[in-house]
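Hi,

Here is the structure I promised to pass on. Have a look at it first, and my notes follow underneath.

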Amino acid sequence: MVHTGPCQRYVFAGPQAGAMLRFGPIVVKGVADSFIDVTDAQGSALNCLFRGRIAKHLEGISPHLPESSVSTIGFIGGTGPEGRGLAVRFAVAGHQIVIGSRDASRATEAADEVKAILSEVNDAADVRGALNADAAAASDIVFLAVPYAGMIASLEQLSSSLTGKICVNVIAPLSFASGIPAAAPPEIGSAAEEAAQHTPDLRWVAGLHTLSARDLLKPTSSLDTDAIICGDDNDAKLTVSELLSEVPGLRPIDAGSLQSARYLEGATALLININKRYKSHASLTIAGLNVG
Ligand SMILES: NC(=O)c1ccc[n+]([C@@H]2O[C@H](COP(=O)([O-])OP(=O)(O)OC[C@H]3O[C@@H](n4cnc5c(N)ncnc54)[C@H](OP(=O)(O)O)[C@@H]3O)[C@@H](O)[C@H]2O)c1
């Protein structure tokens with residue numbers, strides 16, 4: 001198991017300590033001042049990972065294969081642009097997709113729309129529509145993509161099917177007083193924290209607020225941006241990070257605890273204001289990180 005061929009060296013230092021890297025099926029969490037040598041070949045990378053010298057320096061190696069643990073992905077409120085956009089990208093990556101809705105026919109319509117978008121890249125995409133409750137029950141991991149106003153009611157209806165599952169909260173509470181988009185967080189600080197307080201038995205991750213739904217819906221374009229996530233469950237974050245790294249051009253970034261959701265949700269308002277000003281669909285990319 002010792003690799004002797006040429007390697008590239010990756011160094012984790014200072015602020016990069018929490019960053020995650022993906023080598024084939026392996027996800028590595030950086031530890032300050034550690035380094036890792038990898039080659040292009042997946043097998044060699046694996047060998048490198050387990051060389052004694054490297055293992056000594058990397059405490060955060062996950063030998064699990066989170067990629068294989070996620071097969072079906074559900075979207076609560078998946079009929080909106082955010083849910084459909086994420087569904088498109090994860091379907092391209094080969095996952096089974098369930099688009100959830102409060103109405104079965106709207107769900108089917110949205111699933112057909114997603115399949116039509118995907119037809120130029122993947123005729124065999126596995127996408128179906130279902131009631132939100134069925135989507136929650138059928139999925140290994142769920143994205144909560146309803147407007148903030150419907151968040152708590154949705155959780156009340158679905159929490160029993162979601163208990164123990166990873167739930168990614170993409171909700172950004174906003175107000176539009178006088179036509180100006182602004183963050184409108186609940187008293188606790190963020191929608192993500194409120195959801196986690198309300199349903200602590202779900203494995204919460206929050207993020208992706210800074211991706212443009214419009215760009216997600218174009219399966220052939222590389223996103224070339226960061227997917228910033230946060231949460232208090234490190235294994236759940238690793239699984240979500242692994243999933244995101246399957247999408248071409250997306251670099252998963254771990255922004256720390258769930259409390260960071262308040263900044264990510266607020267950044268949505270910032271981006272909408274920027275995009276209004278420049279008539280663009282800009283997203284957020286973090287500069288200066290030597291990861292991904
Ligand atoms: N769009 C973006 O670019 C973007 C970016 C970052 C974050 N987000 C966040 O992602 C979430 C989804 O965004 P979106 O633009 O896709 O939203 P949306 O179109 O307003 O809503 C998504 C779906 O949620 C369902 N819904 C609407 N009101 C509801 C309620 N009161 N209770 C339960 N379900 C309800 C609807 O589906 P059914 O009627 O079929 O049930 C709707 O199609 C939002 O919270 C938003 O803040 C969006």
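Before the strands come up, one definition: two strands count as paired if DSSP finds at least two bridges between them. Please also keep in mind that this is a predicted model.

With that in hand, take β10 and β13: four bridges join them, and the two strands run parallel. One of the pairs to look for is I166 with its partner R203 in β13. On to β14, which is joined to β13 by two bridges, this time antiparallel. There, A206 has C230 in β14 as its bridge partner.

β13 is also well covered, with five of its five residues buried. Which residues sit on each side of β13? R203, V205 and G207 are on one face, W204 and A206 are on the other, and all of them are buried.

Zooming out, these strands belong to an open sheet of eight, ordered β8-β7-β6-β9-β10-β13-β14-β15, with mixed pairing. At the edges are β8 (127-131) and β15 (250-254), each of which pairs on one side only. From one strand to the next, the twist averages 25°. Helix α5 (residues 104-118) packs on this sheet and touches β7 (96-101) and β8; its direction makes about 165° with that of β8.

Elsewhere in the sheet, β6 (residues 72-76) and β9 (residues 141-144) run parallel and are joined by four bridges. I73 finds its bridge partner in β9 at I141.

Now the core. The largest nonpolar core has 66 residues, and those with the most contacts inside it are I76, A87, I99, V114 and L144. The element that gives the most to this core is α5, with six residues. If you want one residue to click on, try I76: leaving aside its neighbours within four places in sequence, I76 is in contact with residues including G100, N132, A135, V142, L144, S154 and L158.

Another element to look at is helix α8 (residues 191-198), where six of the eight residues are buried. Those six are A191, A192, E193, E194, A195 and A196, so two glutamates turn up among the alanines there. The buried residues of α8 pack against α7 (151-162), β10 (166-169), β13 (203-207) and α11 (261-278).The ligand site may be the bit you care about. The ligand is surrounded by 25 residues, of which G77, G80, S101, G150 and A213 are the closest. By class, the shell divides into 11 nonpolar, 10 polar and four charged residues. Both α4 (81-92) and α7 supply at least two residues of this shell, and α4 gives the most to it, with three.

Last, two backbone oddities. D224 has a phi near 50°, a positive value in a residue other than glycine, and is located in the loop between α9 (213-216) and β14 (225-230). Is D224 buried or exposed? D224 counts as exposed because it has 12 C-beta neighbours inside 10 Å, and the cut-off for exposed is 12 or fewer. K279 also is not a glycine, yet its phi is positive at about 50°. K279 is in the segment after α11 and counts as exposed, because it has 6 C-beta neighbours inside 10 Å.

Cheers

Notes
Residues are numbered from 1 along each chain as its sequence is written. This is a predicted model: local features need pLDDT of at least 70, side-chain atom pairs count only at pLDDT 80 or more; totals for chains, interfaces and linings use all residues. Axes are lines fitted to C-alpha atoms, for helices over the stretch in contact, and angles run from 0 to 180 degrees between N-to-C directions. Two residues are in contact if their C-beta atoms, placed from the backbone, lie within 7 Å. A residue is buried if 20 or more other C-beta atoms lie within 10 Å of its own, exposed if 12 or fewer, and partly exposed in between; C-beta atoms are placed from the backbone. A nonpolar core is a set of buried Ala, Val, Leu, Ile, Met, Phe, Trp, Tyr and Cys residues joined through C-beta atoms within 7 Å. A residue is near a molecule or strand if its C-beta atom, placed from the backbone, lies within 6 Å of it. Ala, Val, Leu, Ile, Met, Phe, Trp, Tyr, Cys and Pro count as nonpolar, Asp, Glu, Lys and Arg as charged, and the others, Gly among them, as polar.
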